[in-house]
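The following exercises concern local geometry and burial in a single protein chain. Each task is followed by a solution in steps.

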Amino acid sequence: MILALDTVFDQCSIALMNQGLLLDEMTATGSRLQTQQILPMLNSMLTKHNKIVSDITAIAFNRGPGAFSGIRINTAVAQALAFAHDLPCLPVSSLQAVAQCAYLQHDLEHVYAVLDARMNQVYFAEFILNNHVMSLVGDEILLDYAKITAKNLPLVGNGAMLLTPLDGQICQNVQPTAKIIAMLGRSVQQQGRAVTAEHALPVYLRHNAWKTLAEQGKL
């Protein structure tokens, strides 16, 4: 049984998936109480289904990029549970989750996934459908606001309107929850890409966000 966690998309969302079938999902919107919410939500869901933590066989988690505090909470909880119960971790890209959500909700099979990174930039990557899973084309990168995209592909995610779309280009906001993380985590597991707790690492893309403006060379 896979436990999936997401605190990156301005929410606290958990899901349980058993043999590819969604057992349950619980999502609380907003990010202010994530640290207080996530473990009680997990305990409540396990109790509801007469499960215990030892029934979990892997932990899928949103490894970013995205909100720094959300990534840290997500990764810390995944690592702690994995260490305590000797479980493998299944890292899932937030951008891939956006692309997968766009495919499932809007039948889009080739997209640019775009998330607002603040500081006049977006997190950006191209994804194309491969065996029902949106797969990365190239690299996940940072782009400046108003950048013109190279291809006339749909822009999906909360940063879609921050780029300059080509004529006729679709902009669609989507909000993945933990069930998408569970689905993609299962794909990670099937591909043999599970990692141990010590290698369940966050992906920020930007490494200087906590520096002062002077340290970033902007003053």
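A residue counts as buried when its relative accessible area is under 20%, as exposed when that area is over 50%, and as partly exposed in between. The model examined here is predicted.

**Exercise 1.** Determine whether Gln11 is buried or exposed, and list its contacts.

*Solution.* Step one is to place the residue: Gln11 belongs to strand β2, residues 11-18. Step two is to apply the cut-off: the relative accessibility of Gln11 is 2%, so the residue counts as buried. Step three is to name the neighbours. When residues up to four places away in sequence are disregarded, Gln11 touches Asp6, Thr27, Ala28, Thr29, Gly30, Gln34, Gln175, Pro176 and Thr177.

**Exercise 2.** Classify the aromatic pairs of the structure and state which parts of the chain they link.

*Solution.* The structure contains two aromatic pairs. For Phe68 and Tyr204, the ring centres are 4.7 Å apart and the planes meet at 25°; the pair is therefore stacked, since planes under 30 degrees apart fall in that class. Phe68 sits in helix α2 (residues 68-85) and Tyr204 in the segment after α4 (178-190), so that distant parts of the chain, 136 residues apart, are linked. Both partners satisfy the burial criterion: Phe68 has a relative accessible area of 10%, and Tyr204 has one of 19%.

The other pair is formed by Tyr112 and Phe124, again with 4.7 Å from centre to centre, but with 35° between the planes, and it is tilted. Tyr112 lies in strand β6 (residues 110-118) and Phe124 in strand β7 (residues 121-130), so this pair ties together parts twelve residues apart in sequence. Tyr112 and Phe124 are buried as well.

**Exercise 3.** Establish how many disulfides are present, and explain why Cys89 does not form one with Cys12.

*Solution.* A disulfide requires two cysteine sulfur atoms within 2.5 Å. For Cys89, the closest cysteine sulfur is that of Cys12, at 17 Å, which is too far for a bond. Seen from the other side, Cys12 is in no disulfide, its nearest cysteine sulfur being that of Cys89. The count for the structure is zero. As to burial, Cys12 is buried at 0% relative accessibility, and Cys89 is likewise buried at 0%.

**Exercise 4.** Describe the span, cover and ends of helix α3.

*Solution.* Helix α3 comprises 13 residues, 94-106, and extends 18 Å from its first C-alpha to its last, close to the expected 18 Å at 1.5 Å a residue. Ten of the 13 residues are buried, which leaves α3 mostly covered; among them are Leu95, Val98, Cys101 and Tyr103. At the N-terminal end, Ser93 acts as a cap, with a side-chain oxygen 3.1 Å from the backbone nitrogen of Leu95. Just after α3 comes Asp107, with a positive phi of about 60°.

**Exercise 5.** Identify which backbone torsions deserve inspection at Pro65, Asp107 and Leu205.

*Solution.* Gly64 and Pro65 are joined by a cis peptide bond with omega of about 5°, and Pro65 lies in the loop between β4 (58-64) and α2. Asp107 has a positive phi although it is a residue other than glycine; Asp107 lies in the loop between α3 and β6 and counts as exposed at 54% relative accessibility. Leu205, also not a glycine, has a positive phi of about 70°. Leu205 is in the segment after α4 and is partly exposed, with a relative accessible area of 25%.

Conventions:
Residues numbered from 1 in each chain as written. Predicted model: local features only at pLDDT ≥ 70, side-chain atom pairs only at ≥ 80, totals over all residues. Heavy atoms only, no water. Phe/Tyr/Trp six-rings, centres within 6.5 Å; stacked < 30°, edge-to-face > 60°. Helix = DSSP H or I, 4+ residues; strand = E, 2+ residues; numbered from the N terminus. Buried < 20%, exposed > 50% of the residue type's maximum accessible area, 1.4 Å probe, protein only. Expected span 1.5 Å × (residues − 1). Polar contact = N/O pair within 3.5 Å; in protein donor to acceptor, adjacent residues only side chain to side chain. Contact = heavy atoms within 4.5 Å.
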